[in-house]
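Here is a short tour of one protein chain, meant to be read with the structure open beside it. Let us begin with a small backbone detail and work outwards from there.

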Amino acid sequence: MMPLPGRPLSATAFRIDGEVFLFDCGEGTQVAWRAGPFSYRALGTILISHVHADHIAGLPGVLFQIAFAGRTEPVRIIGPEGLYPIVEALLTIVGGLPFDLQLEEVGNGASVELPKGATLTTLELQHRRTCLGYVVDLPRAPEFLPERARALGVPVQHWNTLQRGQSVGGFDPADVTGPPRPGLRLALITDTSTFPALAPFVANSDLLVCESTYILDEDVDRAAERGHMTLRQATALAQEAGAKRLWLTHFSPKVEQPRAHEPAARALFEHCDIGYSGLHTELSFP
Ligand SMILES: [Zn+2]
Ligand SMILES: [Zn+2]
């Protein structure tokens, strides 16, 4: 929540099939970006949780970098109510951009189509400013059953189309595909205090990225007052939601060595990592 040497502000980039997305953009995001594998040219969607400076002040520099990388396709910025005036004010120091900037304010419970067939859903969090939690779902197509296609006499040139879920030549995808298969779910939760609707919202996440501004239980009242969570609350959320993995982030500057608390965090939720600059993984369909 405050940039420190070796501890830049929390920002999460993810890539689906070459398309890059960014969640939150605090001051210094471009410094961390440089150390990572992602291209600015491919960054087409930026999600903003809320307009506190530690989540949005890096936007002018990142927009400049996207422009500098030669992108001409539109860039979308999605965030809660109050996004427009803040982004417009930040844009006054960016100058002309070679791409169309599309701002989308969304509310609680919104569902938004993202590139590559992904879907974004929102939940209003409990913070001092209107703040959204996001779940990104990437569906998985059902298995294609060639033996069934052959038995039905479906010409081979139609197989690809049916596999993509489109009817063709009088055949329906359901005729030649198996039952639905689970996709991938990424949940992005910061900043908020804990509340009952969180766990169902992030249920069964393959990866839950969650704030843990405070580490120690003694800060539980301060966390509630300021709209934040403790490590125990964040791990309890992951447990209750049945998350497969948990990454904690957004630590108070009072926490001197966040990673020193990893054993304690793993005792509460086994598949937990304390976030650090450059932490990365690859999620695959089961
Ligand atoms: Zn924050
Ligand atoms: Zn905040």
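## Two aspartates with positive phi

D17 counts as exposed, because 9 C-beta neighbours inside 10 Å fall within the limit of 12 or fewer. Please keep in mind that this is a predicted model. D17 sits in the loop between β1 (12-16) and β2 (19-23), and its phi is positive, about 50°, although the residue is not a glycine.

A second aspartate makes a nice companion. D24 also has a positive phi, near 65°, in a residue other than glycine, and its place is the loop between β2 and α1 (29-34). Is D24 buried or exposed? D24 is buried, because 29 other C-beta atoms lie within 10 Å, and 20 or more are enough for that label.

## A cis peptide bond

Further along the chain, have a look at the step from T190 to D191: this peptide bond is cis, with omega near -5°. D191 belongs to the loop between β9 (181-189) and α8 (198-201).

## A parallel strand pair and its crossover

Strands β4 (residues 75-79) and β5 (residues 101-105) pair in the parallel sense, over five bridges. Between β4 and β5 the chain passes through helix α4 (residues 83-91), and this β-α-β crossover is right-handed. Within the pair, R76 stands opposite Q102 in β5.

## The nonpolar core

Now for the interior. The largest nonpolar core has 63 residues, and those with the most contacts inside it are V202, L208, A238, L246 and L248. Helix α10 (residues 231-241) supplies the largest share of this core, with five residues.

L248 is a good place to zoom in. Which residues is L248 in contact with, leaving aside its neighbours within four places in sequence? They are C210, S212, L231, A234, A265, C272, I274 and G275.

## The protein as a whole

Stepping back, the secondary structure comes to 11 helices and 12 strands. Of the 286 residues, 37% count as buried. Among contacts between residues at least 6 apart in sequence, 62% join residues at least 24 apart.

As for overall dimensions, the C-alpha atoms fill a box of roughly 65 × 50 × 35 Å along the principal axes. The radius of gyration is 21 Å, which agrees with the value near 19 Å that a compact globule of 286 residues would have.

How values were computed: Residues numbered from 1 in each chain as written. Chains lettered and ligands numbered in written order. Predicted model: local features only at pLDDT ≥ 70, side-chain atom pairs only at ≥ 80, totals over all residues. Core = buried A, V, L, I, M, F, W, Y, C linked by C-beta atoms within 7 Å. Helix = DSSP H or I, 4+ residues; strand = E, 2+ residues; numbered from the N terminus. Contact = placed C-beta atoms within 7 Å. Pairing = 2+ DSSP bridges. Right-handed = clockwise from strand over helix to strand, strands pointing away. Rg over C-alpha atoms; globule rule 2.2 N^0.38 Å.
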